[in-house]
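Please examine the sequence and the three-dimensional model shown below. The report that accompanies them is written for a reader who wants the criteria stated alongside the results.

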Amino acid sequence: MNFAMIRRLLRLNIGLLIYGLAVSMVVNAKVGIPPWDVFAQGISIQLNTSYGVASIIVSVIVLLFWIPLKVKPGIGSIMNAILIGLWADFWTQYLPKMDFYWGNLAMFLLGTCTVAFATGLYITSNLGSGPRDGLILGLTKRLGWKVWQIRTVIEVLVLSIGWVMGGQVREGTLIFAITIGYLMQISLKFFKYKPAAAK
């Protein structure tokens, strides 16, 4: 293993560690969470598991959908599926428990910004997309729809299922949905991300 690969793996793992912290902040703020996290939280409630374990279960299910879509995972895809949930559970025990709304909202907003930062960090390791991103890209290629159409349909679906199972849908869900695209764009620009040319 050469130095360049070691550096990419280090970048990936630091990104996933920070992403786990960010997700833990967003979930534990209890002011609403993103659609996929609503789904994972609903599963955690139904199976009586931690959020992190439920997140891993969701990622594994999504990776299984890659098979018929002929999407090939990278090492980053597998590590993403496993480590974010584990790190989220790890960080939860160290987060402050606040009883006032504005403190929780501040933690949610900081967590949302941190999600974007961590995404830019781990994506620029170029070791494979995350399970959800791969699913969206695979379906886009298979169905011929636009990315935003696929993403909207999937996120409405998982949000609805997660909400029925008890996941929290509040103002934070809307805030995240509106801001995350712009924040991720800033993060990817900061980390000088250059997407591969379309084939």
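The sections below cover the basis of the model, its nonpolar core, a pocket, a salt bridge and several individual residues.

## Basis of the model

This is a predicted model, in which local features need pLDDT of at least 70 and side-chain atom pairs count only at pLDDT 80 or more, while totals for chains, interfaces and linings use all residues. Residues are numbered from 1 along each chain as its sequence is written, and side-chain values use heavy atoms, with hydrogens and water left out.

## The nonpolar core

The largest nonpolar core (a set of buried Ala, Val, Leu, Ile, Met, Phe, Trp, Tyr and Cys residues joined through side-chain atoms within 4.5 Å) has 49 residues, and those with the most contacts inside it are Tyr-19, Trp-36, Phe-39, Val-58, Leu-135 and Ile-154. At least two residues of this core come from each of helix 1 (3-28), helix 2 (35-47), helix 3 (51-69), helix 4 (75-92), helix 5 (101-123), helix 6 (131-143), helix 7 (147-164) and helix 8 (171-190), and the largest share, 10 residues, is supplied by helix 1. Helices here are DSSP runs (H or I, at least four residues), numbered from the N terminus. In soluble globular proteins, nonpolar side chains tend to be buried together.

Tyr-19 is in contact (heavy atoms within 4.5 Å) with Ile-84, Val-115, Ala-118, Thr-119 and Tyr-122, when its neighbours within four places in sequence are left aside. Trp-36, found in helix 2, is buried with a relative accessible area of 8%, where buried means under 20%, exposed over 50% and partly exposed in between (1.4 Å probe, protein chains only). Not counting residues up to four places away in sequence, Trp-36 touches Val-58, Val-62, Arg-132, Leu-135, Ile-154, Glu-155 and Val-158. Trp-36 and Ser-59 are 23 residues apart in sequence, and their C-alpha atoms are 9.9 Å apart in space.

## The second largest pocket

Pockets were located on a 1 Å grid over the protein atoms alone, a pocket being an open set of points where a 1.4 Å probe fits, with protein on both sides within 12 Å along at least five of seven lines, and lining residues having an atom within 4 Å of a point. The second largest pocket has a volume (the space filled by probe spheres set on the points, which are joined across faces, edges and corners) of about 350 Å³. Of the 17 residues that line this pocket, the closest to its centre are Trp-36, Phe-65, Leu-135, Ile-154 and Leu-157. Helix 2, helix 3, helix 6 and helix 7 are the elements that give two or more residues to the lining.

By class, the lining has 17 nonpolar, no polar and no charged residues. In this classification Ala, Val, Leu, Ile, Met, Phe, Trp, Tyr, Cys and Pro count as nonpolar, Asp, Glu, Lys and Arg as charged, and the others, Gly among them, as polar.

## The salt bridge and Tyr-101

The count comes to 1 salt bridge, defined as a side-chain nitrogen of Lys or Arg within 4 Å of a carboxyl oxygen of Asp or Glu. Glu-171 forms this salt bridge with Arg-170, the closest N and O atoms being 3.1 Å apart. Glu-171 is partly exposed at 28% relative accessible area, and Arg-170 is also partly exposed, at 40%.

Tyr-101, in helix 5, is in contact with Val-31, Arg-170 and Glu-171 once its neighbours within four places in sequence are left aside. Tyr-101 is itself partly exposed, with a relative accessibility of 33%. Although Tyr-101 and Ala-29 are 72 residues apart in sequence, they are 8.8 Å apart in space, C-alpha to C-alpha.

## Buried polar residues and loop positions

Thr-112 lies in helix 5 and counts as buried at 2% relative accessibility; beyond residues up to four places away in sequence, Thr-112 touches Val-26, Phe-176, Thr-179, Ile-180 and Leu-183. Ser-187, in helix 8, is buried at 7% relative accessibility, and with the corresponding sequence neighbours not counted, Ser-187 touches Ala-116, Phe-117 and Gly-120.

Asn-48 has a positive phi of about 55 degrees although it is not a glycine; Asn-48 is found in the loop between helix 2 and helix 3 and is exposed, with a relative accessible area of 71%. Asn-126 likewise has a positive phi of about 55 degrees without being a glycine, and is found in the loop between helix 5 and helix 6.
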